[in-house]
Amino acid sequence: MLGNYLPVFIFLMIGIIVGLLMLALGRVLGPHKPDVKKNSAYECGFEAFEDSRIKFDVRFYLVAILFIIFDLEITFLFPWAVALKDLSAAAYVAMAVFVGILVIGFIYEWKKGALDWE
Amino acid sequence: MIDQAMQSVLGWWQLLPGGWRLLLWNTGKILLVMIPLMLAVAYYTLAERKVIGFMQVRLGPNRVGYHGLLQPFADAIKLMFKEVILPTNADRFLFLSAPVLVLGPSLAAWVVIPFDEGLSIANIDAGLLYILAVSSVTVYGVILAGWASNSKYAFLGAMRSAAQMVAYEIAMGFALVGVLMISGSLNLGHIVHSQNGGILHWHLLPLLPLFFVYMISGIAETNRAPFDVVEGESEIVAGFHVEYSGITFAMFFLAEYANMILISALIAIMFLGGWLSPLQGIVPDSVFAIPVIGLLLGHGIHWLIFKTAFFMFNYLWFRATFPRYRYDQIMRLGWKVFLPITIVWLVIEGLAAYFKLPPWFN
């Protein structure tokens, strides 16, 4: 069955090769006349005031953490959902408990205001 | 003459070692998907400008070729001959690898799409998982692009884009769990098969809320209007690709449109029965035996293309219709509306599956 994955690998390689070819094409066909002003970072015509690796809003970080939690939950749901037709009642109860805990956590996040952007 | 040429080509083919034959054969199949895909992307950009033009009572591009039909090629050639600017402060390696990282996966995801009965490049059992994995790589490309540019607009755009894509991936993931519960397989071909038996058997009806969640999340995932704060022109110029020019910009552009087509095709496959004909079970089976009409009305790739085209048109329609969402509204929609809807619907679906609700769960 692993042979079925060969085209996947080839397509991934081709995807990357196409990307690299396009980069090379742009380098060959396009002009290449760098100068200081042209190569400076775009900031509405001003000189850049400071480095752009600046502090950013912690909420982005919070979203990333919440994403990891929920994505993991989804990962656990996947095999259960695929095998659903062969599962006993106990498996349903187990998943109900699992989703129940997830929902409690979700309500907690909501009440704590972790999901608010304002 | 032609016969001789065929003979010699066949001879050469036989002479090749098995490994090379396999590689070339697969490459050929991949090109058969990739070239039409590229053409579809090219004409999708033209269709976007035309459709939105007509919706705003303009003509859209109509100078290059007959009614502007050559416009996409003019654009592509123009972009190719433009200079690729490497900003001084940018991390050169990451700056150049970001577009590759965005474009590669958006093409490679097509390897598992089933176009017709048994017609897919790779018929793998983890198809949906593969698509999820590959489309997540795009987020890395976007973050890398924004960070490596070392420009404030690009950085802000990348942060926004990453948070938005990540938030909507949750809703999408839960919607996919719903699809898996009803079809019982990650293989996209099997998912279509599980919808066999007429329009009522399609997943659209039992998964209606998940269908809408997936469709709207798909628009947010691809950073399209009305969720395009990522490149909100009025605030952060062009978002994460503000520093990209020429062909590197074209690569982000290509990837975005390829992803839009991919999401449309996935919606068609997972909720609307892929290549299955909507007339199945409505008209008598004898109709499908009539030579040409039967072929047109019966199952086939043309139905998949038609359904995909409908959702592709939706993208353009939404863009012309809805004003842009504010960022806090986007996050609220993703976390506080879609996530609860999907969880509730999974519970309902679980109950339906437990009691073997016909016709979908028996």
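In this predicted model, Gly19(A), Met22(A), Leu23(A) and Gly26(A) of helix H1(A) meet Ile247(B), Thr248(B), Met251(B) and Leu254(B) of helix H10(B). Sorted by class, the contact between H1(A) and H10(B) comprises five nonpolar residues, three polar residues and no charged ones.

Two packed helices are described by the angle between their axes and by the distance between those axes. Helix H1 of chain A covers residues 6-29, and helix H10 of chain B covers residues 246-271. Their axes come within 9 Å and cross at roughly 150 degrees. Since angles over 145 degrees count as roughly antiparallel, H1(A) and H10(B) are therefore roughly antiparallel to each other.

Contact between the chains also appears at Ala122(B). This residue is placed in the loop of chain B between helix H4 (92-108) and helix H5 (127-149). Apart from neighbours within four places in sequence, Ala122(B) is in contact with Asn4(A), Pro7(A) and Val8(A), as well as with Val111(B) and Val112(B). Its relative accessible area is 3%, so Ala122(B) is buried, the limit for that class being under 20%. Ala122(B) is 74 residues from Glu48(B) in sequence, and their C-alpha atoms are 31 Å apart in space.

A further residue of chain B to consider is Gln71(B), which lies in helix H3 (residues 71-80). Because its relative accessibility is 11%, Gln71(B) also counts as buried. When neighbours within four places in sequence are set aside, Gln71(B) is in contact with Leu46(B), Arg49(B), Pro61(B) and Val64(B).

Key. Residues are numbered from 1 along each chain as its sequence is written. Chains are lettered from A and ligands numbered from 1 in the order in which they are written. This is a predicted model: local features need pLDDT of at least 70, side-chain atom pairs count only at pLDDT 80 or more; totals for chains, interfaces and linings use all residues. Side-chain values use heavy atoms; hydrogens and water are left out. Axes are lines fitted to C-alpha atoms, for helices over the stretch in contact, and angles run from 0 to 180 degrees between N-to-C directions. Helices (H or I, at least four residues) and strands (E, at least two) are DSSP runs, numbered from the N terminus. Angles under 35 degrees count as roughly parallel, over 145 as roughly antiparallel, 65 to 115 as roughly perpendicular and the rest as oblique. Contact means heavy atoms within 4.5 Å. Ala, Val, Leu, Ile, Met, Phe, Trp, Tyr, Cys and Pro count as nonpolar, Asp, Glu, Lys and Arg as charged, and the others, Gly among them, as polar. Buried means under 20% relative accessible area, exposed over 50%, partly exposed in between (1.4 Å probe, protein chains only).
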